Amino acid sequence: MGRLFSRDSDTTFERSETPQVVCLDDEHADEVLGALQSETAQSAFRALNREPMAAAELADELEVSVQTIGYHLEKLIDANLIEHHETVYSEKGREMVVYGPATEPTMLFFGTSDDRRALESAFREYASVLGLGAVVLAIRAVLSPLEPLFDWL
């Protein structure tokens with residue numbers, strides 16, 4: 001059962017150390033790219049990775065309608081990028097779902113599935129040597145100069 005909603009949510013989430021690798025030729029790549037196609041969806045995804053929250057709270061934070069957020073949440077869930085973390089109740093007794101990042105992170109690889117095994121092996125090797133946090137920071141450092149290239153998403 002859920003709990004009474006409070007802004008000081010104690011929702012926590014555990015992330016898997018092994019990401020789901022999605023290659024451009026995978027059927028799932030279209031869902032991931034489609035779910036992150038709009039600026040609103042990207043903002044929602046970033047916000048939920050910082051702090052799990054209910055749709056109404058997310059809509060307020062992003063200054064969009066609950067219907068708009070609902071549409072984007074559905075697409076992000078279908079792409080396995082976010083998931084239902086818990087159920088809480090508002091002060092008025094309404095049931096509210098708290099969303100947050102998926103347990104299994106997704107790594108979008110701009111290559112084909114023929115390269116998947118080598119990529120997964122390299123990731124496991126780096127993750128075991130450096131720890132997952134260091135690998136994520138290294139990936140962000142490599143990708144941050146390329147960020148303007150992703151504006152088309």
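How much space lies in the second largest pocket? Here are some notes to read alongside the structure, which is a predicted model.

1. To take that question first, the second largest pocket holds about 160 Å³ of space. H3, H4 and S5 each give two or more residues to its lining, and the largest share, four residues, comes from S5.

2. If you would like to find this pocket on screen, look for Ala-54, Ala-55, Ala-56, Val-66, Leu-73, Glu-95, Met-96, Val-97 and Tyr-99, which line it. By class, eight of the lining residues are nonpolar, none is polar and one is charged.

3. Now for helix H2, residues 39–50. Its 12 residues should span 16 Å at 1.5 Å a residue, so the 17 Å between its end C-alpha atoms agrees with that expectation. Ala-41, Gln-42, Ala-44, Ala-47 and Leu-48 are buried in H2, and their cover includes helices H1, H3 and H4 as well as strands S3, S4 and S5.

4. Helix H3 has Ala-55, Glu-57, Leu-58 and Ala-59 as its buried residues. Among the elements covering them are H2, S3, H4 and S5. Just after H3 comes Glu-63, with a positive phi near 55°.

5. The largest nonpolar core has 17 residues, and Leu-48, Leu-58, Ile-69, Leu-73, Leu-76 and Leu-81 have the most contacts inside it. H1, H2, H3 and H4 each give two or more residues to this core. In soluble globular proteins, nonpolar side chains tend to be buried together.

6. Ile-69 is a good residue to click on: beyond its neighbours within four places in sequence, Ile-69 is in contact with Thr-40, Ala-44, Ala-55, Leu-58, Ala-59, Leu-62 and Val-64.

Note on methods: Residues numbered from 1 in each chain as written. Predicted model: local features only at pLDDT ≥ 70, side-chain atom pairs only at ≥ 80, totals over all residues. Heavy atoms only, no water. Expected span 1.5 Å × (residues − 1). Buried < 20%, exposed > 50% of the residue type's maximum accessible area, 1.4 Å probe, protein only. Contact = heavy atoms within 4.5 Å. Core = buried A, V, L, I, M, F, W, Y, C linked by side-chain atoms within 4.5 Å. 1 Å grid on protein atoms, 1.4 Å probe; cavity = no way out; pocket = protein on both sides within 12 Å on 5 of 7 lines; lining within 4 Å. Points joined across faces, edges and corners; volume = space filled by probe spheres on them. Nonpolar A, V, L, I, M, F, W, Y, C, P; charged D, E, K, R; others polar.
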